[in-house]
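Visitor: I'd like a tour of this model, one helix and one ion pair at a time. Could you walk me through it?

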Amino acid sequence: MDNIDHGININALTFEVTNRVRQYMKGLIEYGGSDLHIKANAQVRARINGEIVPVTKEKMSKEDALTLAKEMLRGRFKEFVEKKEIDFLYVYDEKIRFRGNMFFQMDGVSAVFRVIPVDIVTIDELELPSALHKFTDLSRGLVLVTGVTGSGKSTTLAALIDAINRKHRKHIITIEDPIEFVHKDRKCLINQRSIGQDSLSFANALRSALREDPDIILVGEMRDVETIDTALHAAETGHLVFSTLHTLDAKETINRIISIFPAEDQNRIRNTLASVLGGVISQRLVKTVDGKKTAAVEILFNTSYIQKLILEGRDLEIKEALDQGTQIYGTQSFDTALLKLYREGKITEDEALRNASSPNDLKLRIEGMQSEIDMGQSGGSATPHSDTNYEADIFGLKED
């Protein structure tokens, strides 16, 4: 009898902990947040409008955090204990999934859950520059989406793949860790592979993809020399390759790819990159005047002039070249993207300067256009996120 009762208590505890976390997830979704943070012996927190805020006054105990790990990972819990960190996918319902990462820290288990909507938002719905549509019509080359963690790289990549899927008849292979956005076969045939479940590594899956008759290959992240080299080879042999890097802008992206190789190979890689690069999309999320977030986007297309700059190692001139090509090619630097957002009244001057690559230069450009801007449109005050009154029935807060 004791054993039976003990089993019932364990099941009840598991249900209670999981249900509580699902309530936090519900609250995160309701408030448009991006990430839920669970930490043993700490309050549960969420990232909403870019800020980490507490969503409950109660703490997640060390025991409850471990129970959550066992329930969510189940057959992979042993792998988690051995590796000390793990990526996984959690299905909340038919419309929402979460990309999860669990890891051990000094107080026990922590977990971070990133919201992944099932419905893929289009390029236009994301209010990304219309020039990005050009990337969906390329037949070959390497297209990189870059930015810091949480800048929307995966969302932009999904929008690009979705646009291709709706207008071209191609075979697309995605290699991800884990699979985030699920694409339905429309005009394209799409095979999505998850590292760990469907392949052992990005490099293995990418090499295999070259023998699977693809037109387009999406590599979730170029993490090492072998993967980058194989991706360049794939683009060189006539495939269109999409991938991501954690770099701030186009210039740094080019430098990162070349510098990751041994010195004796760097000239070869520079020549190859200049030949196969289709473009670079770099993103930074900035606060809007209404307290939300929008993407400032730097766009590089590999024009003949950009190709010349890459070949000759004149990377410092790329920023100026992007602005010179705005009217003809649709390219733009980060500072120009920020200037446009400021001119449209979407962000404040302080926010533009805070995110600028060259704040002093952008300040001069803003001052030069002051007479043309209705300052009333660019005014307004952002919502103070840290003082947001989150509702108790969603996040479990108990008001004093």
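**A tour of helices and salt bridges**

Guide: Happy to, beginning with helix α6, residues 225–236, which has 12 residues and reaches 16 Å from its first C-alpha to its last, close to the 16 Å expected at 1.5 Å a residue. Here the expected span is 1.5 Å times one less than the number of residues, and helices (H or I, at least four residues) and strands (E, at least two) are DSSP runs numbered from the N terminus. This is a predicted model, in which local features need pLDDT of at least 70, side-chain atom pairs count only at pLDDT 80 or more, and totals for chains, interfaces and linings use all residues. Residues are numbered from 1 along each chain as its sequence is written, and side-chain values use heavy atoms, with hydrogens and water left out.

Visitor: Which residue caps the N-terminal end of α6?

Guide: Look for a side-chain oxygen 3.2 Å from the backbone nitrogen of glutamate 226. That is a polar contact (a pair of N or O atoms within 3.5 Å; within protein, one must be able to donate a hydrogen and the other to accept it, and residues adjacent in sequence count only if both atoms are side-chain atoms). The oxygen belongs to aspartate 224.

Visitor: Against which elements do the buried residues of α6 pack?

Guide: Buried means under 20% relative accessible area, exposed over 50%, and partly exposed in between (1.4 Å probe, protein chains only). In α6 the buried residues are Thr227, Ile228, Thr230, Ala231, Leu232, Ala234 and Ala235. Counting contact as heavy atoms within 4.5 Å, their partners are β7, α5, β10, β11, α7 and α8.

Visitor: How many salt bridges does the model have?

Guide: A salt bridge is a side-chain nitrogen of Lys or Arg within 4 Å of a carboxyl oxygen of Asp or Glu. By this rule the count comes to 25.

Visitor: Which residue does arginine 99 pair with in a salt bridge?

Guide: Arginine 99 is partly exposed at 22% relative accessibility, whereas its partner is buried, at 10%. The closest N and O atoms of arginine 99 and glutamate 180 are 2.3 Å apart. Arginine 99 lies in strand β5 and its partner in the loop between β8 and β9, so the pair ties together parts that are 81 residues apart in sequence. The partner, then, is glutamate 180.

Visitor: Which residues are linked with Arg314 in a network of salt bridges?

Guide: Arginine 314 meets glutamate 312 at 2.6 Å, N to O, and glutamate 317 at 2.9 Å. Arginine 314 counts as partly exposed at 25% relative accessibility, as does glutamate 312 at 44%. The residues linked with Arg314 in the network are Lys308, Glu312 and Glu317.

Visitor: Is helix α12 largely enclosed or open, and how many of its residues are buried?

Guide: Among the buried residues of α12 are Phe334, Leu338, Leu341 and Tyr342. The buried residues pack against β12, β13, α10, α13 and α14. Helix α12 is largely enclosed by the rest of the structure, because the buried residues number 8 of the 10.

Visitor: Which residue with a positive phi follows α12?

Guide: After α6, glycine 238 takes a positive phi of about 105°. After α12, a phi near 80° belongs to glycine 345.
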